[in-house]
Amino acid sequence: MKIIMLGAPGAGKGTQAKMIADKYGVPHISTGDIFRANIKNGTELGMEAKKYMDQGLLVPDELTVKILLDRVAKDDCEKGYVLDGFPRTIPQAEVLEEALANIGDKIDFAIDVDVPDENIVRRMSGRRACLSCGATYHIEHVPPKAEGICDRCGKELVLRDDDKAETVKNRLNVYHEQTQPLIDFYEKKGVLKSVDGTVDMQDVFVAIVSILGE
Ligand code: AP5
Ligand code: MG
């Protein structure tokens with residue numbers, strides 16, 4: 001089962017992708033998490049990606065595509081995966097499509113988690129992230145057991161650098177210009193499914209399971 005999560009920054013792609021990965025036993029692959037891990041470890045890739053991410057801009061396709069294609073070629077991806085944050089541009093989608101076609105394969109579902117812009121800024125300012133294990137919390141909706149500490153690994157939780165209100169606005173503009181066209185792209189391929197992302201996260205997941213099957 002090969003799934004793509006679409007949706008604006010903060011729509012809940014990561015939240016839902018983790019739940020899908022747990023239920024269906026496929027890896028959750030987030031290009032954003034891969035970049036953040038590289039930034040944390042001070043790699044060359046991380047330094048380069050940070051320049052764009054801090055401004056709310058997309059990391060250039062040349063960097064992003066290679067990382068993603070290397071990742072999905074790993075053994076744990078044989079039965080499928082859920083992609084979160086990739087593709088984000090039409091050229092990225094075309095490269096993925098071609099790579100899959102070369103092995104006689106294709107994307108099964110592109111799930112658009114639909115949340116209007118008004119809700120997004122509020123959500124982002126409440127998000128707290130663990131840069132060690134990738135877990136995500138929300139100070140109102142999903143608070144950690146101890147304030148500022150990750151339930152899963154005990155490390156410190158932070159407000160992501162790109163979750164400041166001004167950067168979130170840039171990310172939304174970039175989303176509408178470069179990523180939203182993918183909704184049409186996957187609609188034309190016949191694999192697009194939309195879910196209302198404004199409801200409680202468990203209810204969003206119920207809607208997704210009804211699409212993917214039990
Ligand atoms: P990335 O990490 O992918 O960020 P994003 O798309 O901006 O999405 P977010 O992770 O911010 O949001 P999400 O949809 O995962 O929401 P979440 O589940 O956390 O990318 C970051 C940057 O990396 C990009 O800006 C770009 O620079 C670069 N990059 C990454 N991939 C790239 C690519 N392919 N090409 C080029 N550049 C790339 O939820 C948000 C909050 O809301 C959380 O606090 C959560 O608890 C809460 N929440 C979730 N669901 C609900 C709900 N139903 N009700 C209430 N609260 C909810
Ligand atoms: Mg995310």
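Me: Axes are lines fitted to C-alpha atoms, for helices over the stretch in contact, and angles run from 0 to 180 degrees between N-to-C directions. At what angle do helix α7 and helix α8 pack?

Reply: The model is a predicted one, in which local features need pLDDT of at least 70 and side-chain atom pairs count only at pLDDT 80 or more, while totals for chains, interfaces and linings use all residues. Residues are numbered from 1 along each chain as its sequence is written, chains are lettered from A and ligands numbered from 1 in the order in which they are written, and side-chain values use heavy atoms, with hydrogens and water left out. Helix α7 (residues 165-179) packs on helix α8 (residues 181-189) at about 35 degrees, the two axes being 6 Å apart. Y175, H176, E177, Q178 and T179 of α7 make the contact with P181, L182 and I183 of α8, where contact means heavy atoms within 4.5 Å. By class, these residues divide into four nonpolar, three polar and one charged; Ala, Val, Leu, Ile, Met, Phe, Trp, Tyr, Cys and Pro count as nonpolar, Asp, Glu, Lys and Arg as charged, and the others, Gly among them, as polar.

Me: What makes the length of α7 close to the one expected?

Reply: A helix (a DSSP run of H or I with at least four residues, as a strand is a run of E with at least two, both numbered from the N terminus) has an expected span of 1.5 Å times one less than its number of residues. For the 15 residues of α7 this gives 21 Å, against the 20 Å between its first and last C-alpha.

Me: Why are the buried residues of α7 said to be on the same side?

Reply: The buried residues of α7 are T167, V168, R171, L172, V174, Y175 and T179. Since they cover an arc of only 165 degrees around the axis, they are placed on the same side of α7; the arc is that of the directions from the helix axis to the C-beta atoms. E166 and E177, on the other side of α7, are exposed. The buried residues pack against α3, β4 (109-114), α6 (117-126), β5 (127-130) and α8.

Me: Why does T179 count as buried or exposed?

Reply: The rule is that buried means under 20% relative accessible area, exposed over 50% and partly exposed in between, with a 1.4 Å probe and protein chains only. T179 of helix α7 has a value of 8%, and therefore it is buried. Beyond residues up to four places away in sequence, T179 touches R88 and V174. From T179 to G7 there are 172 residues in sequence, yet their C-alpha atoms are 8.4 Å apart in space.

Me: What places the buried residues of α2 on the same side of that helix?

Reply: In α2, T31, G32, F35, R36 and N38 are buried. Their arc around the axis is only 160 degrees, which puts them on the same side of α2. Their cover includes β2 (28-30), α3, α4 (61-72) and β3.

Me: How do you know that R36 and N38 count as buried?

Reply: R36 has a relative accessibility of 18% and N38 has 17%, so each value falls under the 20% limit and both residues are buried. Apart from neighbours within four places in sequence, R36 is in contact with S30, M53, L131 and R160, and N38 with T43, L45 and G46.

Me: What makes the pairing of R36 with D33 a polar contact?

Reply: A polar contact is a pair of N or O atoms within 3.5 Å; within protein, one must be able to donate a hydrogen and the other to accept it, and residues adjacent in sequence count only if both atoms are side-chain atoms. The side chains of R36 and D33 come to 2.8 Å, and the pair is listed as such a contact.

Me: Why are M53 and I20 called buried?

Reply: M53, in helix α3 (residues 44-53), has a relative accessible area of 12%, and I20, in helix α1 (residues 13-24), has 0%, so both lie under the cut-off of 20%. Again leaving out neighbours within four places, M53 is in contact with residues including F35, R36 and I39, while the contacts of I20 include V82, F205 and L212.
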